[in-house]
Number of protein chains: 2
Amino acid sequence: MSKVDRRITKSQEAIKKAVIELMSDKNFDDITIQDIADRANVNRGTIYLHYLDKFDLLDKIIEEHINELRVMCESAAEMDLDFIESNVGWFEYFERNYSFFSTVLASSKASSFRSRFQELLIEEMRNDIDTTKVINRELNEEVILQFIVTSFVGIVEWWITKGMPYPPRVIAVQLGILIDRSL
Amino acid sequence: MSKVDRRITKSQEAIKKAVIELMSDKNFDDITIQDIADRANVNRGTIYLHYLDKFDLLDKIIEEHINELRVMCESAAEMDLDFIESNVGWFEYFERNYSFFSTVLASSKASSFRSRFQELLIEEMRNDIDTTKVINRELNEEVILQFIVTSFVGIVEWWITKGMPYPPRVIAVQLGILIDRSL
DNA sequence: TGCAATTCGTTGATTATTAAACATATCAAT
DNA sequence: ATTGATATGTTTAATAATCAACGAATTGCA
């Protein structure tokens with residue numbers, strides 16, 4: 001973990017912050033690189049030192065959110081939190097970053113986020129499935145996994161795009177109950 | 001007005017902001033260069049590229065405030081604002097930057113600020129004295145000037161160190177009345 | 001369609017910042 | 001006083017960011 005030059009961190013932070021702020025103003029496709037540079041108070045060329053284009057930039061931001069969610073998930077596992085309680089953490093995270101997630105899901109970039117999110121869920125939930133259980137005797141593990149994960153993603157997407165109609169905890173509990181029935 | 005490199009502006013802004021923030025935490029003399037560098041998220045050496053030491057840094061911050069006040073004063077003169085109205089602007093400025101002015105006046109650096117402030121007042125008020133007036137027939141211009149300016153500084157210092165006991169407008173009006181009687 | 005104006009992505013030369021190291025100075029506690 | 005620790009101010013080579021310029025691609029509009 002050779003620590004990176006302070007200038008790199010600062011530039012990237014400013015650039016990412018700028019994009020997120022601009023996304024709540026206008027459609028992502030209408031944002032120019034110059035807009036981002038202006039808002040970040042950074043030379044336009046500097047953006048190209050770190051990202052291929054604005055799509056690559058958005059991808060990297062999404063990737064960081066996914067990683068953040070993974071970290072939360074794994075630290076919840078270490079602290080032996082039950083499934084519902086760890087879900088609450090996630091939904092609170094979505095709530096904190098609402099303006100980002102809602103605009104991403106509303107834009108044409110929704111699918112790239114959704115697929116990455118789905119991958120994460122599959123990774124993290126694979127071990128939670130107990131195929132020895134009686135109710136799962138006749139079911140294929142992959143089927144159960146796919147069933148749960150897609151519904152999870154669907155609920156999250158619905159909750160965010162509808163403007164978070166219930167508090168994080170309420171949604172997390174209800175989703176937890178439904179998932180528990182399936183595994 | 002050859003525009004300066006963006007990096008210079010950003011570094012100096014970060015450094016000055018850091019000092020001001022730190023000054024509300026602890027005594028200026030207890031603040032180390034490293035403290036400032038950490039808070040500004042800047043290399044320690046960078047500070048020495050722009051300032052001789054932390055005293056020079058504080059001096060420059062004070063100087064910028066003085067210049068800001070001068071600009072306000074002169075633009076008020078251009079807009080033909082009366083004396084009281086232009087004072088209101090100043091006191092509102094003190095109010096906006098309260099945390100800075102109060103800590104500076106409380107510290108050992110008070111005198112350097114006070115003397116610069118006094119110089120500014122003398123410059124700007126010299127032209128306002130009308131020695132042809134009857135009541136000023138037997139008075140020396142410099143005496144009137146000194147009288148008004150020191151009382152002005154005194155009021156400002158009292159108002160700030162007492163925690164701004166009255167709104168800016170109230171103070172500005174009262175001070176305006178008193179000064180008007182003298183010139 | 002055609003023209004003008006942006007925007008893009010890249011380039012090269014220059015500059016500001018960085019990390020690390022250094023000797024010196026200040027300071028506290030023993 | 002002596003020591004250990006921390007702060008200062010300076011130097012070095014390496015490097016990230018800057019600005020200005022460029023042709024090419026896109027867009028917007030007449």
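Visitor: What classes of residue make up the surface near DNA strand D?
Guide: In this predicted model, that surface has five nonpolar, seven polar and six charged residues.

Visitor: And which residues come nearest to strand D?
Guide: There are 18 residues around DNA strand D, and R7(A), S11(A), N43(A), T46(A) and I33(B) come nearest.

Visitor: Which elements supply that surface?
Guide: α1 and α3 of chain A, along with α1, α2 and α3 of chain B, give two or more residues each to the surface near DNA strand D.

Visitor: OK, now strand C. Which residues come nearest there?
Guide: I33(A), R7(B), S11(B), N43(B) and T46(B), out of the 18 residues around DNA strand C.

Visitor: Which elements are involved this time?
Guide: In chain A, α1 (6-23), α2 (33-40) and α3 (44-50) each supply at least two residues of the surface near DNA strand C. In chain B, α1 (6-23) and α3 (44-50) do so.

Visitor: How do the residues near strand C divide by class?
Guide: Five are nonpolar, seven polar and six charged.

Visitor: Changing topic. What rotation superposes chain B on chain A?
Guide: A rotation of 179 degrees, with 0.3 Å of shift along its axis, and the RMSD is 0.1 Å. That is the relation of a two-fold axis.

Visitor: Do the chains use one surface or two for their contact?
Guide: The same surface serves both copies, since 100% of the contact residues of chain B recur in chain A.

Visitor: Which residue of chain B comes closest to the rotation axis?
Guide: R7(B), whose C-alpha is at 5.1 Å from the axis. R7(B) is also one of the residues that come nearest to DNA strand C.

Visitor: How many residues are in contact between the chains?
Guide: Four residues of chain B are in contact with four residues of chain A. On the chain B side, two are polar, two are charged and none is nonpolar.

Visitor: Something about the backbone, then. What is the phi of N41(B)?
Guide: Phi of N41(B) is positive, about 55 degrees, although N41(B) is not a glycine. N41(B) is found in the loop between α2 (33-40) and α3 of chain B.

Visitor: Why does N41(B) count as partly exposed?
Guide: Because N41(B) has 14 C-beta neighbours inside 10 Å. The buried class needs 20 or more, and the exposed class 12 or fewer.

Visitor: And where is M164(B) found?
Guide: M164(B) is in the loop between α8 (141-161) and α9 (168-182) of chain B. Phi of M164(B) is near 55 degrees, a positive value in a residue other than glycine. With 16 C-beta neighbours inside 10 Å, M164(B) counts as partly exposed.

Terms used: Residues are numbered from 1 along each chain as its sequence is written. Chains are lettered from A and ligands numbered from 1 in the order in which they are written. This is a predicted model: local features need pLDDT of at least 70, side-chain atom pairs count only at pLDDT 80 or more; totals for chains, interfaces and linings use all residues. Copies are superposed by least squares on the C-alpha atoms of residues with pLDDT of at least 70 in both. Two residues are in contact if their C-beta atoms, placed from the backbone, lie within 7 Å. A residue is near a molecule or strand if its C-beta atom, placed from the backbone, lies within 6 Å of it. Helices (H or I, at least four residues) and strands (E, at least two) are DSSP runs, numbered from the N terminus. Ala, Val, Leu, Ile, Met, Phe, Trp, Tyr, Cys and Pro count as nonpolar, Asp, Glu, Lys and Arg as charged, and the others, Gly among them, as polar.
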